[in-house]
Amino acid sequence: MSNDLSAPAADLAADLSAAVRVLSTATDVTLLAHVNPDADALGSALALGLVLHRRGAVVRVSFGAPDEVPETLRELDVAGLLVPAAEVPAAPPVLVALDAGSVGRLGPLGDRVSTAGVVVVLDHHVSNPRFGHVNVVDDRAEATALVVLRLLDELGVELDEPVARCIYAGLVTDTRSFRHASAATHEVAARLLAAGVDAEAVARPLMDSHPFGYLAMLARVLDRARLERDVAGGLGLVHAVVTLEDAAGLRPEEVESVVDLVRTTAEAEVAAVLKELRPSHWSVSLRAVSRVDVSRVARLLGGGGHRLAAGFTATGTADEVLTNLRTTLNHPH
């Protein structure tokens, strides 16, 4: 897309100023998170959406799939801004894409990028091609929520608890409870807590609370997990598969969390979890400890992400998907 409205990509301050110029005068704004939104995507969208709503703009927040809002994120929407994908205008006057590393990550709503009057991209993925008119992409930020917070500061917003809670939700999850957070990001967390955020109340439903059926699902899935020490140049791959039958009756949040257990395998640098979306269609989550750039692996397989956390989608049998993954890990060129 043309970048006529954007400042040079390397100049983050100029990009932020360009976004402020668009959003400070916008009267109708559609904010889109990526498909299967996590706390960073939806928390970022709801934080910015709430601020714009309070300023009098017509605001809607949505995502392309699934049809239901993740249960663990519903309480972040204090102003009722979330709408179904079917209610997103065909040609939004102002469209903001959040935490979407590519147009494809917007799923069936990705076509709005070409019909919107102005597109603002807020993201932290290094692979983002800057598909908006205005692109605020900071690949050094641990979460898109941090990019949004900088934008709110530029807008002169005084943080209150509902907005800070949305930002904190994205930050605590994308940093894995601040394991991957810089000193400056810890200072941001302190600022959010000072604004009234109850850290335990936000983090527990997102990371530490599952229905009892989750334990039975884990027992089946982890029993089938396999360790392959010779993959990834001998650094090791551990993988597990979550079938539709395994996931029956559970929320997407439960399925997404499996990789956080599989990745704890000490003998493997790379962890992969295949999640069956529908027969012969898979979403694959990749994680690395430190030495393998799984974003590069994911890109070669049609996906993307970060150096230590990435993913892709694939079709075929689970064995076929794993074969392609092994080959790519062993020859990432």
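R60 sits in strand β2, which spans residues 58–62. The model is a predicted one. R60 has a relative accessible area of 12% and is therefore buried. Its side chain forms a polar contact of 2.9 Å with the side chain of D28. D28 also appears among the residues that R60 touches beyond four places in sequence, and the others are V29, T30, L31, L81, V83, E87, V88 and P89.

**Helix α2 and helix α5**

A45 belongs to helix α2, residues 39–54. With a relative accessible area of 0%, A45 is buried. Apart from neighbours within four places in sequence, the contacts of A45 are L31, V61 and L98. L31 is also one of the residues in contact with R60.

V163 is part of helix α5, and its relative accessible area of 1% makes this residue buried. Its contacts outside the four-place window are A47, L50, V51, R54 and L152. V51 is also one end of a C-alpha pair with V163. The two such pairs, one from A45 and one from V163, are set out here.

| C-alpha pair | Separation along the chain | C-alpha distance |
|---|---|---|
| A45 and V96 | 51 residues | 8.3 Å |
| V163 and V51 | 112 residues | 7.6 Å |

**The aromatic pair**

The structure contains one aromatic pair. Its members are Y168 and F178, with ring centres 5.8 Å apart and planes at 50 degrees, so the pair counts as tilted. The cut-offs explain that label: planes under 30 degrees apart would be stacked and planes over 60 edge-to-face, with the rest tilted. Y168 is in helix α5, while F178 is in the loop between α5 and α6 (183–194), and 10 residues separate the two along the chain. The pair is described as linking distant parts of the chain.

Both rings belong to residues that fall below the burial cut-off, which is 20% relative accessible area. Y168 is buried at 6% relative accessibility. F178 is buried as well, with a relative accessible area of 14%.

**The second largest pocket**

The second largest pocket encloses about 280 Å³ of space. Its lining is made up of 14 residues, and those nearest the centre are T72, E75, A201, V202 and P205. Two elements, α5 (161–174) and α7 (199–207), give two or more residues to this lining. Helix α7 supplies the largest share, with four residues. Sorted by class, the lining of the second largest pocket has six nonpolar, six charged and two polar residues.

**Backbone geometry**

Most residues other than glycine have a negative phi, and most peptide bonds are trans. Several places in this model depart from that pattern, as listed below.

The peptide bond between A65 and P66 is cis, with omega at about 0 degrees. P66 lies in the loop between β2 and β3 (94–98).

D99 is not a glycine, yet its phi is positive, at about 65 degrees. D99 is placed in the loop between β3 and α3 (112–115). A relative accessible area of 3% makes D99 buried.

R130 likewise has a positive phi, near 60 degrees, and is a residue other than glycine. Its position is in the loop between β4 (118–123) and β5 (134–137). R130 counts as partly exposed because its relative accessibility is 23%, and the range for that class runs between the 20% and 50% cut-offs.

**Helix α9**

D246 lies in helix α9, residues 244–247. At 4% relative accessibility, D246 is buried. The side chain of D246 comes to 2.9 Å from the backbone nitrogen of T243. Beyond its neighbours within four places in sequence, D246 is in contact with M217, R220, V221, R224 and V241.

How values were computed: Residues numbered from 1 in each chain as written. Predicted model: local features only at pLDDT ≥ 70, side-chain atom pairs only at ≥ 80, totals over all residues. Heavy atoms only, no water. Buried < 20%, exposed > 50% of the residue type's maximum accessible area, 1.4 Å probe, protein only. Polar contact = N/O pair within 3.5 Å; in protein donor to acceptor, adjacent residues only side chain to side chain. Contact = heavy atoms within 4.5 Å. 1 Å grid on protein atoms, 1.4 Å probe; cavity = no way out; pocket = protein on both sides within 12 Å on 5 of 7 lines; lining within 4 Å. Points joined across faces, edges and corners; volume = space filled by probe spheres on them. Nonpolar A, V, L, I, M, F, W, Y, C, P; charged D, E, K, R; others polar. Phe/Tyr/Trp six-rings, centres within 6.5 Å; stacked < 30°, edge-to-face > 60°.
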